[in-house]
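Biologist: Please take a close look at one part of this model, and describe its local geometry and surroundings with care. I would like a connected account rather than a list.

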Amino acid sequence: MNKSVKEAAPNRRSLTWRRLTAGTVASFALLSLTESSDGIVPKLPTGTKIVAMGDSYTSGHNNGDVQGKFNDCFRDNVSYAYKIADQLDLLDSFTNVACSGATPEEIIEGRFDERPQIEALDDETDYVLLTTGANAANLSELLGSCLESDCSVDSHHITVMLNYVSSEAFIDRLTSVYQEIAQHAPNAAIIVTAYPTIIDTGAICGELAGNGVDGSTEAAIDTLNRSIESAVQSAHSEGLSVFLSPAATDIDLCRTLGQSFFHDLENPRAMGHPTDLGHRAIAKSVLSTM
């Protein structure tokens with residue numbers, strides 16, 4: 001894989017950068033990459049426009065308080081995207097239009113009574129922060145059913161899901177969304193965030209949800225992330241400024257003593273979503289890509 005696609009997006013130190021042509025932007029991006037491992041928060045000009053979009057991982061999922069009716073797509077300031085804008089002192093030019101449960105297509109078409117997320121973009125947008133793909137894979141429904149039935153990695157419904165998520169058809173769905181976002185925000189760096197591992201079977205702490213669920217959860221997220229990486233690479237090869245922010249690591253339920261993700265069986269709609277601790281780790285990872 002192209003190393004630059006995986007490691008970093010361009011750090012825009014001047015707003016004149018966004019006024020370059022789309023072709024020049026794509027070429028320049030490959031030549032002006034920041035180190036992703038230095039842990040330094042980038043210095044961006046006042047007014048740098050950041051738009052957060054996608055699914056529940058970017059909306060914030062109401063910080064787990066998801067009982068009852070959906071309200072404002074469960075957007076919450078706990079979101080990693082809000083934390084990034086706050087750390088960069090860019091809340092005045094930050095917009096979060098992500099919607100819990102949104103599929104890639106619903107980013108374009110809208111979900112519930114919300115306007116399409118894509119409408120928040122324009123040629124003044126500098127960064128797009130995005131998570132999408134998990135709902136297209138029906139990941140939450142699948143993992144929920146795992147708690148009630150056979151969920152071994154080689155079981156039929158898990159195999160069907162893994163085969164689809166690794167297919168060209170699924171990768172094309174993701175790539176199409178990246179292309180659409182790039183059309184609406186031609187001067188933006190689109191940072192696609194991979195999903196963190198909720199359960200790491202390599203962590204030595206015994207079974208969490210049960211061996212079948214543990215293995216299937218890890219396999220599903222790993223397969224999803226590999227397809228996201230392929231879609232990002234495909235879009236990047238077309239000259240689009242699309243970059244992958246690797247999944248935040250070592251924040252699985254085992255290593256953080258259950259504090260990084262919601263896992264209360266009595267609140268199933270929140271299960272598998274990051275807590276404040278999880279979002280802080282994701283924000284750190286994305287900032288290193290910016």
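Modeller: Helices here are DSSP runs of H or I with at least four residues, strands are runs of E with at least two, and both are numbered from the N terminus. With that naming, Cys73 sits in the loop between α3 and α4, and I will start from this residue, keeping in mind that the model is predicted. The phi of Cys73 is near 55°, which is a positive value in a residue other than glycine. As background, most residues other than glycine have a negative phi.

Cys73 is also one half of a disulfide, its partner being Cys99, with an S to S distance of 2.0 Å. The count for the structure is 1 disulfide. The torsion about the S-S bond of Cys73 and Cys99 is about -70°, and the disulfide is therefore left-handed. The pair links distant parts of the chain, 26 residues apart, since Cys73 belongs to the loop between α3 (56-59) and α4 (80-87) while Cys99 belongs to the loop between β2 (94-96) and α5 (104-109). Both ends are shielded: Cys73 has a relative accessibility of 2% and counts as buried, because buried means under 20%, and Cys99, at 3%, counts as buried too.

A second positive phi falls at Asp89, a residue other than glycine, where the value is near 60°. Asp89 lies in the loop between α4 and β2, and in contrast to the buried Cys73, Asp89 counts as exposed at 68% relative accessibility.

The elements that flank these loops also take part in aromatic contacts, and a search of the whole structure finds 3 aromatic pairs. In one of them, the rings of Tyr57 and Tyr195 have centres 5.1 Å apart and planes at 80°, so the pair is edge-to-face. Tyr57 lies in helix α3 and Tyr195 in the loop between β4 (189-193) and α9 (211-237), so this contact ties together parts that are 138 residues apart in sequence. Tyr57 and Tyr195 are both buried.

Another aromatic pair, formed by Tyr82 and Phe94, is likewise edge-to-face, with 6.2 Å from centre to centre and 75° between the planes. Because Tyr82 lies in helix α4 and Phe94 in strand β2, the pair ties together parts that are 12 residues apart in sequence. Here the two partners are unlike in burial, as Tyr82 is partly exposed with a relative accessible area of 24%, whereas Phe94 is buried with 13%.

Terms used
Residues numbered from 1 in each chain as written. Predicted model: local features only at pLDDT ≥ 70, side-chain atom pairs only at ≥ 80, totals over all residues. Heavy atoms only, no water. Disulfide = S-S within 2.5 Å. Buried < 20%, exposed > 50% of the residue type's maximum accessible area, 1.4 Å probe, protein only. Phe/Tyr/Trp six-rings, centres within 6.5 Å; stacked < 30°, edge-to-face > 60°.
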